[in-house]
Amino acid sequence: MSENLLNKTAVRTFILQRVKDTRPGWNCTQVSPAAIRKLEVIVEAMVDRAVHSHPSLGKTFTEVI
């Protein structure tokens with residue numbers, strides 16, 4: 001497993017702003033390290049799936065949808 005796939009400060013800021021914008025009435029002020037780690041695991045799994053399913057053509061890893 002890779003460490004530090006995500007910019008933790010940016011992810012925390014994004015989550016807290018998203019909560020503020022979409023969940024009025026919830027005064028969330030913290031994001032747990034476990035939540036950040038779970039997001040890193042999800043991103044790693046997405047990359048693994050993309051690499052596995054990417055065609056073995058050329059030398060460039062192209063866009064993933």
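A residue counts as buried when its relative accessible area is under 20%. In this predicted model, Glu40 has a relative accessible area of 2% and is therefore buried. Glu40 makes a convenient starting point for a tour of the structure, beginning with its charged partners.

A search of the whole structure returns two salt bridges. In one of them, the side chain of Lys8 meets that of Glu40, with an N to O distance of 3.7 Å. Lys8 belongs to helix H1, which covers residues 8-22, and Glu40 belongs to helix H2, so this pair ties together parts of the chain that lie 32 residues apart in sequence. Glu40 also forms a salt bridge with Arg37, and here the closest N and O atoms are 3.1 Å apart. This second pairing stays inside helix H2, where Arg37 and Glu40 are three residues apart and thus separated by about one helical turn. Lys8, Arg37 and Glu40 are in this way linked in a network of salt bridges. In general terms, side chains of opposite charge can pair when their charged atoms come close.

The members of the network can also be described by their accessibility. Lys8 has a relative accessibility of 29% and so counts as partly exposed. Arg37, with a relative accessible area of 22%, is partly exposed as well. Glu40, in contrast, is buried.

The arrangement of the two helices comes next. Two packed helices are described by the angle between their axes and the distance between the axes. Here the axes of H1 and H2 come within 11 Å and cross at roughly 105 degrees. An angle from 65 to 115 degrees counts as roughly perpendicular, so H1 is roughly perpendicular to H2. On the H1 side, the contact is made by Lys8, Val11, Arg12 and Ile15, while H2 contributes Pro33, Ile36, Leu39 and Glu40. Lys8 and Glu40 thus appear both in this contact and in the salt bridge described above.

Leu39, another residue of helix H2, is partly exposed, with a relative accessible area of 33%. Leaving aside neighbours within four places in sequence, Leu39 is in contact with Leu6, Val11 and Ile15. Val43 is likewise found in helix H2 and is partly exposed, at a relative accessible area of 28%. When residues up to four places away in sequence are not counted, Val43 touches Leu5 and Leu6. Leu6 therefore appears among the contacts of both Leu39 and Val43.

The segment after H2 completes the picture. Thr60 is found in this segment and, at 55% relative accessibility, counts as exposed. The C-alpha atoms of Thr60 and Val43 are separated by 20 Å, with the two residues 17 places apart along the chain. Between Leu39 and Thr60, which are 21 residues apart in sequence, the C-alpha to C-alpha distance is 26 Å. For Val43 and Thr62, 19 residues apart in sequence, the corresponding distance is 17 Å.

Phe61 also lies in the segment after helix H2, a helix that spans residues 33-53. With a relative accessibility of 46%, Phe61 counts as partly exposed. On the surface, Phe61 joins Val47, Val51 and Val64 in a nonpolar patch, and together these residues have about 360 Å² of accessible area.

Conventions
Residues numbered from 1 in each chain as written. Predicted model: local features only at pLDDT ≥ 70, side-chain atom pairs only at ≥ 80, totals over all residues. Heavy atoms only, no water. Patch = residues over 30% accessible without salt bridge, like charges linked within 9 Å, V, L, I, M, F, W, Y side chains within 5 Å. Areas by Shrake-Rupley, 256 points an atom, 1.4 Å probe, with all protein chains shown as cover. Salt bridge = Lys/Arg side-chain N within 4 Å of Asp/Glu carboxyl O. Helix = DSSP H or I, 4+ residues; strand = E, 2+ residues; numbered from the N terminus. Buried < 20%, exposed > 50% of the residue type's maximum accessible area, 1.4 Å probe, protein only. Axes fitted to C-alpha atoms, helices over the stretch in contact; angles between N-to-C directions. Parallel < 35°, antiparallel > 145°, perpendicular 65-115°, else oblique. Contact = heavy atoms within 4.5 Å.
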